[in-house]
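Thanks for making the time this morning. I would like to walk you through one model, beginning with how far we can trust it and then turning to its strands and its open space.

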Amino acid sequence: MVEFWGILGFERLPRSDRIAEYVTWLERDANQIHLIHTPEPSVPTLGHPAVVAAEFDRTVTALREAGFAVEEADQLWGEPRAFAIAPAGHRVELMRAPPEPGSAG
């Protein structure tokens, strides 16, 4: 799971001993991903994180080369997008650039 987010530019953060066995925290700039350790993965049925991949083509290629499924998506606001499946089955939207502020595309 950490490899997937690492390809997207996130780095593992140190955690206090109190929570280290329960959660993995990752960070890129001001964005964090908190991976909660559970016996079985839980995947939301509709929602998904959307992450800007500034080097979009290189990121998509790296994910595919690492064995992750990635499918192209419509360019709703004129920028390339794709969906990747993270190891626990989560669908993650990758965007070259986000929609304009205040817009959902």
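What you see is a predicted model, and the mean pLDDT of the protein chain is 89, with 97% of its residues reaching 70 or more. Within the chain, confidence is highest in helix α2, at 97, and lowest in strand β3, residues 31-36, where the mean is 86.

Let me take the sheet next. Four strands form an open sheet with mixed pairing, in the order β4-β7-β6-β5. The edges are held by β4 (50-52) and β5 (70-73), each of which has a single partner strand, so one side of each is left without a neighbour in the sheet. On average, and ignoring direction, neighbouring strands of this sheet are turned by 30 degrees against each other.

If we look at the β5 edge, this strand runs antiparallel to β6, residues 81-85, and four bridges join the two; among the residues involved, E72 has A82 in β6 as its bridge partner. Helix α2, residues 56-65, packs on the sheet, where it touches β5, β6 and β7 (91-95), and its direction makes about 150 degrees with that of β5.

Finally, the open space. The largest pocket has a volume of about 370 Å³, and of the 18 residues that line it, M1, H34, L35, I36 and H90 are the closest to its centre. Which strand gives the largest share of that lining? It is β3, with four residues, and β3 is also where the confidence in the chain is lowest, at a mean of 86. By class, the lining has eleven nonpolar, six polar and one charged residues.

Definitions and conventions: Residues are numbered from 1 along each chain as its sequence is written. This is a predicted model: local features need pLDDT of at least 70, side-chain atom pairs count only at pLDDT 80 or more; totals for chains, interfaces and linings use all residues. Side-chain values use heavy atoms; hydrogens and water are left out. Two strands pair if DSSP finds at least two bridges between them. Axes are lines fitted to C-alpha atoms, for helices over the stretch in contact, and angles run from 0 to 180 degrees between N-to-C directions. Contact means heavy atoms within 4.5 Å. pLDDT is the predictor's confidence in each residue, from 0 to 100. On a 1 Å grid over the protein atoms alone, a cavity is a set of points where a 1.4 Å probe fits but cannot get out, and a pocket is an open set with protein on both sides within 12 Å along at least five of seven lines; lining residues have an atom within 4 Å of a point. Grid points are joined across faces, edges and corners, and a volume is the space filled by probe spheres set on the points. Ala, Val, Leu, Ile, Met, Phe, Trp, Tyr, Cys and Pro count as nonpolar, Asp, Glu, Lys and Arg as charged, and the others, Gly among them, as polar.
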